[in-house]
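Please open the model in your viewer and keep the sequence panel beside it, since this tour moves from one selection to the next.

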Amino acid sequence: MDKKLVHLFKCGNMIIPLYFLKNYKKFKIEFEDFVFLIYLYNLGDGALFNPKMISDSLGYSLSEVMQFISRLSDSNYIELKVVSGDKGIQEEVISLERFYDKLSFIMMDDCIKKEDDTTSCFDSIEKEFGRTLSPMEYEIIKAWKENGHRDELIMEAVKEATFNGVNSLRYIDRILYNWEKGGIKTRADVEKNRKKRARNDEKEEVEEELFDYNWFEDDENDYDE
């Protein structure tokens, strides 16, 4: 790791928003830019822009500090603003409004995607059942999703139940339980399992035909001839 980053971590604690930490790759910035942005976040929105102080704190040269500022400004994460300070003196401050806006947009986009996924799953089940789900059924399906069952797997279980003529969430829950025990987690796993079952059924059918065949009678006919 860069020695300057090690120096920064040794200087004290920084508060890093958990959401930003988990999703910083969505912001498409380099890791050092990310650390620099978090440093500015800890200074607070509207902090006085003091390149010398930042340079001393982070161990970067003034030139490097200005490069960070330039990159983050060009990427619309920060903005340098001139405001009137005490006694009407003009001061340059670091505005983080653009960073907050980007963070909000990404969070909203994630929420919309999750909502769309949820709506799609529930709508599809209602279409399969041909009726509206009850509040209790809604909570059961929600619990499946929260327990890690993917929408595609839930829908495969619904289709399996419908194919067997059963429109019961208890029946579907049993299917999901058995699939989980069998390590079935995706649509591809379901298809593989179905093909395996089909081969086993064919084998059992052949064995049953062989078992039911009257070998003794066949031998007698051969003897009569």
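Begin by selecting helix H8, residues 151–163, together with helix H9, residues 169–181, in this predicted model. How do H8 and H9 lie relative to each other? Their axes are 9 Å apart and the two helices pack at an angle of about 125°. Angles between 115 and 145 degrees fall outside the parallel, antiparallel and perpendicular ranges, and H8 and H9 are therefore oblique to each other. If you turn the view to look through one helix at the other, the crossing to look for is a right-handed one.

Next, show the side chains where the two helices meet. On the H8 side, select Leu153, Ile154, Glu156, Ala157, Val158, Glu160 and Ala161, and on the H9 side select Tyr171, Ile172, Ile175, Leu176 and Trp179, which are the residues that they contact. Colour this selection by residue class, and you should find ten nonpolar residues and two charged ones, with no polar residue in the contact of H8 with H9.

Now zoom out and colour the whole chain by secondary structure, which comes to eleven helices and three strands. Following the chain from the N terminus, you pass elements in the order α-α-α-β-α-α-β-β-α-α-α-α-α-α.

Finally, switch on the surface of the chain, whose accessible area comes to about 15600 Å², with 51% of that area belonging to carbon and sulfur atoms. Of the 225 residues in the chain, 27% count as buried. If you display contacts between residues at least 6 apart in sequence, 56% of them join residues at least 24 apart.

Terms used. Residues numbered from 1 in each chain as written. Predicted model: local features only at pLDDT ≥ 70, side-chain atom pairs only at ≥ 80, totals over all residues. Heavy atoms only, no water. Axes fitted to C-alpha atoms, helices over the stretch in contact; angles between N-to-C directions. Helix = DSSP H or I, 4+ residues; strand = E, 2+ residues; numbered from the N terminus. Parallel < 35°, antiparallel > 145°, perpendicular 65-115°, else oblique. Left-handed = near helix turned anticlockwise from the far one by under 90°. Contact = heavy atoms within 4.5 Å. Nonpolar A, V, L, I, M, F, W, Y, C, P; charged D, E, K, R; others polar. Buried < 20%, exposed > 50% of the residue type's maximum accessible area, 1.4 Å probe, protein only. Areas by Shrake-Rupley, 256 points an atom, 1.4 Å probe, with all protein chains shown as cover.
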